[in-house]
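Biologist: I would like to go through this model with you, one residue or group at a time. Please explain each term as it comes up.

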Amino acid sequence: MENQTTGTELVLLGLTRDPVLQILLFIVFLVIYLIILLGNVVIMVVIRTDLHLHSPMYFFLFHLAFVDICYATTVIPKMLMNFLAKGSLTIAVNACMTQMFFIFLSAGCEVFMLSVMAYDRYMAICNPLKYQEVMSKYFCYQLVGSAWAMGLLHSVLNTIPVLNIQFCGHKQIKHFSCELPPLLSAACSGTFLSNVILLFSPVTFGSSSFLLILISYIYIIATVLKIQSAEGRYKAFSTCSSHFIVVGLLYVTALFQYTKPKSVSSIILDQVLSTQYSILTPMLNPIIYSLKNRDVKAALGRVLKKLQFV
């Protein structure tokens, strides 16, 4: 039987099959991908080379930038290849499963990395006297490792059941990447367990990480409001504003995408939401952190000055 997941090719419909729009979209997403690579690499280099940024907060930002590169690289290069391809955009099921695995891994790691960053801000603002003692280098590595471990667990839980689903013949995925919801829509049987896990895992993992962020910010806001001076309150809030914007961009779209009822689902809506959290968020993160964070801007200026004298 050739209807098993192995030895089968799927068809990615992509964003459009119009040749003119494909060239235009190729240019747009190529520019976006280059911005993602350049912006996040610059953030990583600045954090590594500037001694003023050798603190837990920027250690976590370094790893968030790395996750963003991984996330975008999982999705965009295949998109670019498809924009230039002629004929049907086929992808082997094994390749599709691999892409889905790394999408879940990157996304899961990102949401828990944001939780780790929220905890870091909680310790810095609410327990400043214990901050250096608690946020040791070893503990920071443990937190980053935990974020990757949770991402891996999230990925494995969603990927293993998909290995048992069946595709009857030449199936079309109404999407530009192998995300699980459109992949299950293309299957003809064996999707019950995957649908159950798809329903509960985003709620469980997403809600738990968001709850950690929410609790951290409740304590942060309560502490900041007790600060007497307006300047002190502004300084405390300014260290959290970038993180808060990034959390909003990712969580609102991703949770809605994976928990919305089928009655409000559509191909265009699914692709818009996926583009937001898998492509635009990795592009916006370094821009937000560089524009909203005075320390990063100052460090970037020092690095550029050094380069002028080289």
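Modeller: Contact, or touching, means heavy atoms within 4.5 Å. This is a predicted model: local features need pLDDT of at least 70, side-chain atom pairs count only at pLDDT 80 or more, and totals for chains, interfaces and linings use all residues. Residues are numbered from 1 along each chain as its sequence is written, and side-chain values use heavy atoms, with hydrogens and water left out.

Biologist: Which residues does Lys78 touch, not counting residues up to four places away in sequence?

Modeller: Lys78 lies in helix α2, residues 56–84. Helices are DSSP runs of H or I, at least four residues, numbered from the N terminus. Leaving out residues up to four places away in sequence, Lys78 touches Leu12, Thr90, Ile91 and Gln99.

Biologist: Which side chain of opposite charge is nearest to Lys78?

Modeller: Lys and Arg count as positive, Asp and Glu as negative, and His and the chain ends are not counted. A salt bridge needs a side-chain nitrogen of Lys or Arg within 4 Å of a carboxyl oxygen of Asp or Glu. Lys78 is buried (under 20% relative accessible area, 1.4 Å probe, protein chains only) and has no salt bridge. The nearest side chain of opposite charge, 9.2 Å away, is Glu9.

Biologist: Which helix gives the most to the largest nonpolar core?

Modeller: A nonpolar core is a set of buried Ala, Val, Leu, Ile, Met, Phe, Trp, Tyr and Cys residues joined through side-chain atoms within 4.5 Å. The largest one has 68 residues, and Phe29 is among those with the most contacts inside it. With 17 residues, the helix that gives the most to this core is α2.

Terms used: Helices (H or I, at least four residues) and strands (E, at least two) are DSSP runs, numbered from the N terminus. Buried means under 20% relative accessible area, exposed over 50%, partly exposed in between (1.4 Å probe, protein chains only).
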